[in-house]
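Student: Hello! I am new to this structure and would like to look at it step by step. Could you guide me?

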Amino acid sequence: MAEYSDIRTGRHCVFVLHAHLVFVTKFRHRVFDGEHLTRLEEIMGDVCADFETELREFNGESNHVHLLVNFPPKIAVSKLVNSLKGVSSRRMRQEFPELAAHYYRANKLWSGSYFAGSVDGAPISVLHQYIEQQNRPV
């Protein structure tokens with residue numbers, strides 16, 4: 001198996017879990033600039049810390065953001081996403097009132113949907129081969 005520098009341990013488990021998350025703005029409006037993305041990264045890092053997760057990477061464009069999150073198995077990705085989107089939407093609209101001009105009807109920063117993909121260092125084919133080659137007792 002591959003060497004992992006970010007192996008984490010829990011009370012009864014050892015894990016390396018990463019998720020790639022993508023959030024898109026409501027109506028795909030192009031609302032973010034560099035200052036907005038910097039503040040979003042700080043807010044989302046704080047939310048991740050509250051969930052005992054780690055925001056490993058963050059970047060975005062004017063209408064969406066990408067996050068790479070390292071999380072423990074006790075965390076449901078859907079609950080983490082709900083909190084990330086809710087807290088960031090509320091704080092961004094408070095701190096940057098000009099964002100509200102784009103959402104006068106919806107009063108929401110993010111689209112209701114999101115992308116979540118599992119991430120690992122090894123491709124599926126390598127994992128399949130590794131599992132297939134295990135010495136199964138007869």
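Student: Which strands does α1 lie across?

Tutor: Before we start, this is a predicted model, in which local features need pLDDT of at least 70, side-chain atom pairs count only at pLDDT 80 or more, and totals for chains, interfaces and linings use all residues. Residues are numbered from 1 along each chain as its sequence is written, and side-chain values use heavy atoms, with hydrogens and water left out. Helix α1 runs at about 160° to β4 (axes are lines fitted to C-alpha atoms, for helices over the stretch in contact, and angles run from 0 to 180 degrees between N-to-C directions). The strands that α1 lies across are β3, β4, β5 and β6.

Student: Nice start! What pattern does the protein follow along the sequence?

Tutor: Helices (H or I, at least four residues) and strands (E, at least two) are DSSP runs, numbered from the N terminus. The protein has 3 helices and 6 strands. Read along the sequence, they give β-β-β-α-β-β-α-β-α.

Student: In what order do the 4 strands of the open sheet stand?

Tutor: Two strands pair if DSSP finds at least two bridges between them. In this sheet the pairing is antiparallel. Neighbouring strands are turned by 20° against each other on average, direction ignored. The order is β4-β5-β3-β6.

Student: Which strands stand at the edges, and why is one side of each left without a neighbour?

Tutor: An edge strand has a single partner strand, so one side of it is left without a neighbour in the sheet. The strands in that position are β4 (54-60) and β6.

Student: How many bridges join β4 to β5?

Tutor: A hairpin joins these strands through 3 residues, and the strands run antiparallel. Leucine 55 stands opposite valine 69 in β5, while glutamate 54 has asparagine 70 as its bridge partner. The number of bridges is 6.

Student: And over how many bridges do β3 and β5 pair?

Tutor: Here, too, the sense is antiparallel, with β5 spanning residues 64-70. Histidine 18 stands opposite asparagine 70, and valine 24 has histidine 64 as its partner. The pairing runs over 7 bridges.

Student: How many residues of β5 are buried?

Tutor: Buried means under 20% relative accessible area, exposed over 50%, and partly exposed in between (1.4 Å probe, protein chains only). Across the protein, buried residues make up 35% of the 138 residues. Strand β5 is mostly covered, and its buried residues number 5 of 7.

Student: Which strands does helix α2 touch?

Tutor: Helix α2 (residues 77-95) packs on the sheet. Its direction makes about 135° with that of β6. Taking a contact as heavy atoms within 4.5 Å, the strands touched by α2 are β3, β5 and β6.

Student: How many aromatic pairs does the structure hold, and which residues do they link into a cluster?

Tutor: Rings of Phe, Tyr and Trp (its six-membered ring) pair if their centres lie within 6.5 Å; planes under 30 degrees apart count as stacked, over 60 as edge-to-face and the rest as tilted. The structure holds 2 such pairs. Phenylalanine 23 and tryptophan 110 are edge-to-face, at 5.8 Å centre to centre and 65° between the planes, whereas phenylalanine 32 and tryptophan 110 are tilted, at 5.6 Å and 55°. The cluster is made of Phe23, Phe32 and Trp110.

Student: Is tryptophan 110 buried or exposed?

Tutor: The limit for buried is under 20%. Tryptophan 110 has a relative accessibility of 4%, so it counts as buried.

Student: Which residue lies over the face of phenylalanine 23?

Tutor: A charge sits over a ring if NZ of Lys or CZ of Arg is within 6 Å of the ring centre and within 35 degrees of the ring normal. One case is the charged end of lysine 26 over phenylalanine 27, 5.7 Å from the ring centre. Over phenylalanine 23, at 5.8 Å from the ring centre, lies lysine 85.

Student: Last one: which residues does serine 111 touch, not counting residues up to four places away in sequence?

Tutor: Serine 111 has its place in strand β6 (residues 110-119). Its relative accessible area is 17%, so serine 111 is buried. The residues touched are Val24, Thr25, Lys26 and Lys85.
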